[in-house]
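Here is a short set of exercises to work through with the model open on your screen. Try each task yourself before reading its solution.

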Amino acid sequence: MKKVPLSLLATFLLWATVSACKRDVSQPSGSPSPHGEQLNLSNSAYHLNIVYFVPSDMDTLIKYRERISGIMLQGQRFYGKWMQHYGYGNRSFGLLPDSTGKGIKIIVVKGKQTKDKYPYEGGGNIAIGELNSYFAANPAQKTSEHTLVIMPASTYAADGDPGGVPFYGLGRWCFALDYKEMDTSYLGTGGVLGNRATKWIGGLMHELGHGLNLPHNKEKVSEAADTSKGTALMGSGNYTYGKSPTFLTAASTAILNNSQTFRTTTVTDLYGSVSVSMKSIKAQYLSGNIEIKAKFTNNKPVNNVILYNDPEGGNDYDAVPWVVKPVGDSFNISMPINELHKKEGNYSLRIRFLFENGSLKELSYPYSFVNNVPVIDISTKDELDKSTWKIVSVNSEEDDGKAVNLLDNNPQTVWHTQWKQVQPAHPHHVVVDMQAIRNISGISFLQRENLSGALKDISIYTSADNTNWALEGNYILKNVNTIQYITLNNPKSVRYFKIVTASNYYNDHYAVLAECGAF
């Protein structure tokens, strides 16, 4: 990517310093403020695409370039402040100046359809289709894989509140709206326009986070009480931005550290294919802390691991994260439960691996709270070597989903019953021959990584001769993408085990499973 000429950069940064808020160069009380020196845009190897998308029956709104430039420059400083706070340097998402050097580059694209064809529900995908065609015809205009799309509001409520257009993240695309008073000078001023500025400018910054790879997450209890931090932007921060303390969590900045538009050098394997699996993990509750020790196998370098403690429901808004830097192929972490806002009900421990090339992989483990104490039993078992095992019977398998994949120790391959030409219904079965009488305590299972149609209800049978079978029990597999273990009522000396399926989490006809084993 081309570097920004330094003469243009100097003019641009001078304009940014004095003009980002057109009413008053000082920041309103409670709003994001510059952190130290101005960001050096010439360090950005990639730049955020900013598109002002206008339906065919609408036009741009008054002073949109000046207002959006101020919003984005302030947001750039906000993101940069927290990157520096957590030790990632004075970096933020890259922005390009426009041809005059007096604003940021905003690409105006006229939509092919009228405003009613780009509604909140579904309108984003329609706009993406048109913008993909635009970038294909104008490849020089696309400076990264991340695009912010701003549309003028198409409807207004009785009180003047704007709406009617897409406002969310879709992968590396994110959508926000514009209205004629959307200006940073209103942030923190109170009243209708001040509250509206926080809602929609804060909302833009929140959705931009999604477009830059960020999931929802919530601040720790101590951070909520810290007047220098307050509310996480990727939690409820879209309601506090510019009004009361708002910040990026350490987890968010760890992800942004690898995000494309934050990079100072180009990358050949950006967002390339990655894989990770857990070699061993032990989680326990000890003296007020959830203690985790883990070892993993990965195919490309991992520079950070995030552990989200996520209560059931809540769409991840209430997931409280910790960040740990792995040492080689392992990490240890202690998470005080007094930092969690909720200490009841079911939780997921979601472990997200951050690869240096920007890609992410996540493994999930369930646990729960009982009487304000975590009940957590996550540990790997001593599994038997299955390198010589065989599949001796299967009622259905697809050509790209053979049952033998259950035994290859590769979580990327699966057993999948037929679905292309015929779709046989449950029950399905598969029989595993361990090649000798083995002493086993239970059976291990690994669902497909993306959990699409994960197995739910199953039965397990065992046999010494593949003729006489004993039912060990009926079980419900968990809808998680990590190894899970079913312990039999009593240890067994057997050669064969059989899995019989009854349902999946889609209530569909097929069975799919990545691995099975015994311990």
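**Exercise 1. Place L451 and decide whether its side of the chain is buried, partly exposed or exposed.**

Solution. Keep in mind that this is a predicted model.
- Step 1: the relative accessible area of L451 is 21%.
- Step 2: buried means under 20% and exposed means over 50%, so L451 counts as partly exposed.
- Step 3: L451 sits in the loop between β21 and β22, the latter spanning 457–463.
- Step 4: now check the backbone. L451 is not a glycine, yet its phi is positive, at about 65°.

**Exercise 2. Find what N466 has for a phi value, and say where the residue lies.**

Solution.
- Step 1: phi of N466 is near 65°, which is a positive value in a residue other than glycine.
- Step 2: the loop between β22 and β23 (470–476) holds N466.
- Step 3: N466 has 34% relative accessibility, and therefore counts as partly exposed.

**Exercise 3. Work out the surroundings of D433, starting from its strand.**

Solution.
- Step 1: look along strand β21, residues 429–446, where D433 is found.
- Step 2: the relative accessibility of D433 is 4%, so this residue counts as buried.
- Step 3: list the neighbours. Leaving aside residues up to four places away in sequence, D433 touches W389, K390, V392, R495 and Y496.
- Step 4: pick out the polar partners. The side chains of D433 and R495 make a polar contact at 2.8 Å. The D433 side chain also reaches the backbone nitrogen of Q435, at 2.7 Å.

**Exercise 4. Do likewise for T249: where is it, and what does it touch?**

Solution.
- Step 1: T249 belongs to the loop between β9 (246–247) and α6 (250–256).
- Step 2: with a relative accessible area of 3%, T249 is buried, because the cut-off is under 20%.
- Step 3: not counting residues up to four places away in sequence, T249 is in contact with Y86, N217, A232 and P321.
- Step 4: one of these, N217, offers a polar contact, with 2.7 Å between its side chain and that of T249.

**Exercise 5. Which kind of peptide bond joins H426 and P427?**

Solution.
- Step 1: read omega for this bond, which is about 5°.
- Step 2: the bond between H426 and P427 is a cis peptide bond.
- Step 3: P427 lies in the loop between β20 (415–416) and β21.

**Exercise 6. Step back and describe the protein chain as a whole, beginning with its helices and strands.**

Solution.
- Step 1: count the elements. The chain has six helices and 26 strands.
- Step 2: test the radius of gyration. A compact globule of 519 residues would have a value near 24 Å, and the protein chain has 26 Å, so the two agree.
- Step 3: add the outline. Along the principal axes, the C-alpha atoms fill a box of roughly 85 × 55 × 45 Å.
- Step 4: turn to the contacts. Of those between residues at least 6 apart in sequence, 72% join residues at least 24 apart.
- Step 5: consider burial and surface. Buried residues account for 54% of the 519, while the accessible surface is about 21800 Å², with 49% of it belonging to carbon and sulfur atoms.
- Step 6: finish with charge. There are 49 positive and 46 negative side chains, and the centres of these two sets are 4 Å apart.

How values were computed:
Residues are numbered from 1 along each chain as its sequence is written. This is a predicted model: local features need pLDDT of at least 70, side-chain atom pairs count only at pLDDT 80 or more; totals for chains, interfaces and linings use all residues. Side-chain values use heavy atoms; hydrogens and water are left out. Helices (H or I, at least four residues) and strands (E, at least two) are DSSP runs, numbered from the N terminus. The radius of gyration is taken over C-alpha atoms; the globule rule is 2.2 Å times the number of residues to the power 0.38. Buried means under 20% relative accessible area, exposed over 50%, partly exposed in between (1.4 Å probe, protein chains only). Contact means heavy atoms within 4.5 Å. Accessible areas come from the Shrake-Rupley method with a 1.4 Å probe; for residues, only the protein chains shown count as cover. Lys and Arg count as positive and Asp and Glu as negative; His and the chain ends are not counted. The place of a charge is taken as NZ of Lys, CZ of Arg, CG of Asp or CD of Glu. A polar contact is a pair of N or O atoms within 3.5 Å; within protein, one must be able to donate a hydrogen and the other to accept it, and residues adjacent in sequence count only if both atoms are side-chain atoms.
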